[in-house]
Amino acid sequence: MADLADLTLNDGHTLPAIGFGTYPLDDAQARDAVVSAAEVGYRLVDSAVNYGNEAGVGAGARDTGIREQLVVTTKVPGRDHGYDETLRSLDGSLQRLGLDRVDLYLIHWPNPSVDRYVDTWRAMVAARDAGKVRSIGVSNFTEAHLRRLADETGVLPAVNQVEMHPYFAQARLRAFHDEHGIVTEAWSPLGRRSDLLDNDVLAGLARDKGVSVTRLVLAWHRALGSVPLPKAASREHQAENLDVAGIELTDDEVAAISALERGRIGGDPDHHEEM
Ligand SMILES: NC(=O)c1ccc[n+]([C@@H]2O[C@H](COP(=O)([O-])OP(=O)(O)OC[C@H]3O[C@@H](n4cnc5c(N)ncnc54)[C@H](OP(=O)(O)O)[C@@H]3O)[C@@H](O)[C@H]2O)c1
């Protein structure tokens with residue numbers, strides 16, 4: 001299996017080109033899945049306080065024996081927004097993970113009606129400067145939310161983890177990310193909760209190229225520069241999803257996949273509240 005080159009973040013650290021999603025695995029499932037995912041080659045793992053599996057993810061990361069090679073991600077939930085609350089939330093995450101550092105720490109949702117994501121962000125900058133966190137970013141932020149962070153703190157996130165798949169390609173937000181050196185991570189990269197993997201256009205393209213629909217979709221993510229975080233319970237799917245380095249898509253193929261646009265499946269960050 002060929003390797004995909006890491007991406008360089010705006011803070012100088014690197015990020016693997018594909019990560020491993022862990023929602024909705026529980027602690028025991030997450031521990032085993034992280035060990036298995038690391039064995040097949042994943043070096044980026046996604047978690048969140050609200051997934052309730054940080055203990056399992058952390059145990060898995062430690063049990064791999066290559067913890068220092070892994071980028072372990074977790075996210076501060078809406079109920080912990082605010083400066084002091086975020087620092088306390090981070091300490092709780094570190095304790096559950098059983099690690100002395102979070103490699104990528106994200107604000108899970110902006111929760112604009114609460115309007116405390118800027119203070120939350122200031123705390124994340126402080127946590128990074130104190131060495132408790134390596135890289136900091138956000139999730140589900142719109143261009144307006146990102147601009148506000150830049151205007152009020154002068155610090156842009158290294159990563160914005162957003163819903164992205166061929167039904168919701170995020171063209172405008174990705175253009176903004178590219179202009180400002182923010183890496184796009186893609187959640188639900190395989191379009192969970194939709195019929196994406198059964199789509200006829202994708203099936204036809206995949207057949208023509210001699211690859212599975214999932215590998216085609218993940219190659220589309222890589223062609224657009226996003227870092228997909230597919231979740232897969234079985235080792236077989238985990239390995240399949242990482243095996244995309246050799247799949248070259250033409251511009252026409254990328255455009256044909258992006259033309260499947262239908263809109264988001266998940267919550268709208270301007271209105272979705274997740275505590
Ligand atoms: N920041 C956020 O707000 C947010 C929101 C949602 C998700 N996320 C993150 O993003 C990760 C991925 O998103 P997701 O779990 O919603 O959806 P996803 O990765 O798009 O889809 C997961 C589904 O695809 C199936 N699958 C995976 N590989 C496959 C393969 N090779 N062939 C056939 N089916 C395959 C999985 O089944 P099996 O498990 O049976 O293989 C599972 O049912 C989450 O786990 C989480 O870490 C973040």
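Modeller: In what follows, Ala, Val, Leu, Ile, Met, Phe, Trp, Tyr, Cys and Pro count as nonpolar, Asp, Glu, Lys and Arg as charged, and the others, Gly among them, as polar. The model is predicted, with local features requiring pLDDT of at least 70 and side-chain atom pairs pLDDT 80 or more, while totals for chains, interfaces and linings use all residues. Residues are numbered from 1 along each chain as its sequence is written, and side-chain values use heavy atoms, with hydrogens and water left out.

Colleague: How many charged residues are in the lining of the largest pocket?

Modeller: The largest pocket (an open set of points on a 1 Å grid over the protein atoms alone, where a 1.4 Å probe fits, with protein on both sides within 12 Å along at least five of seven lines) is lined by 35 residues, each with an atom within 4 Å of a point. Tyr23, Trp187, Ser188, Arg192 and Lys231 lie nearest its centre. By class, the lining of this pocket has 11 nonpolar residues and 16 polar ones, and the number of charged residues is 8.

Colleague: Which helix gives the largest share of the lining of the largest pocket?

Modeller: Helices (H or I, at least four residues) and strands (E, at least two) are DSSP runs, numbered from the N terminus. The largest share of the lining of the largest pocket amounts to 3 residues, and these come from helix 9 (residues 235–242).

Colleague: Which residue is joined to Tyr23 by a cis peptide bond?

Modeller: The partner of Tyr23 is placed in the loop between strand 2 (14–15) and helix 1 (27–40). Omega of the cis bond is about 5 degrees, and the residue joined to Tyr23 is Pro24.

Colleague: Are helix 7 and helix 8 roughly parallel or roughly perpendicular to each other?

Modeller: The axes of helix 7 (residues 200–209) and helix 8 (residues 213–224), lines fitted to C-alpha atoms over the stretch in contact, come within 9 Å and cross at roughly 95 degrees. The contact (heavy atoms within 4.5 Å) is made by Leu202, Ala203, Leu205, Ala206 and Lys209 of helix 7 with Val213, Leu216 and Val217 of helix 8. These contact residues divide into 7 nonpolar, no polar and 1 charged. Since 65 to 115 degrees, between N-to-C directions on a scale from 0 to 180, counts as roughly perpendicular, the two helices are therefore roughly perpendicular.

Colleague: Which residue other than glycine has a positive phi, near 45 degrees?

Modeller: The residue is found in the loop between strand 5 (102–107) and helix 4. Phi is near 45 degrees, a positive value in a residue other than glycine, at Asn111.

Note on methods
Parallel < 35°, antiparallel > 145°, perpendicular 65-115°, else oblique.
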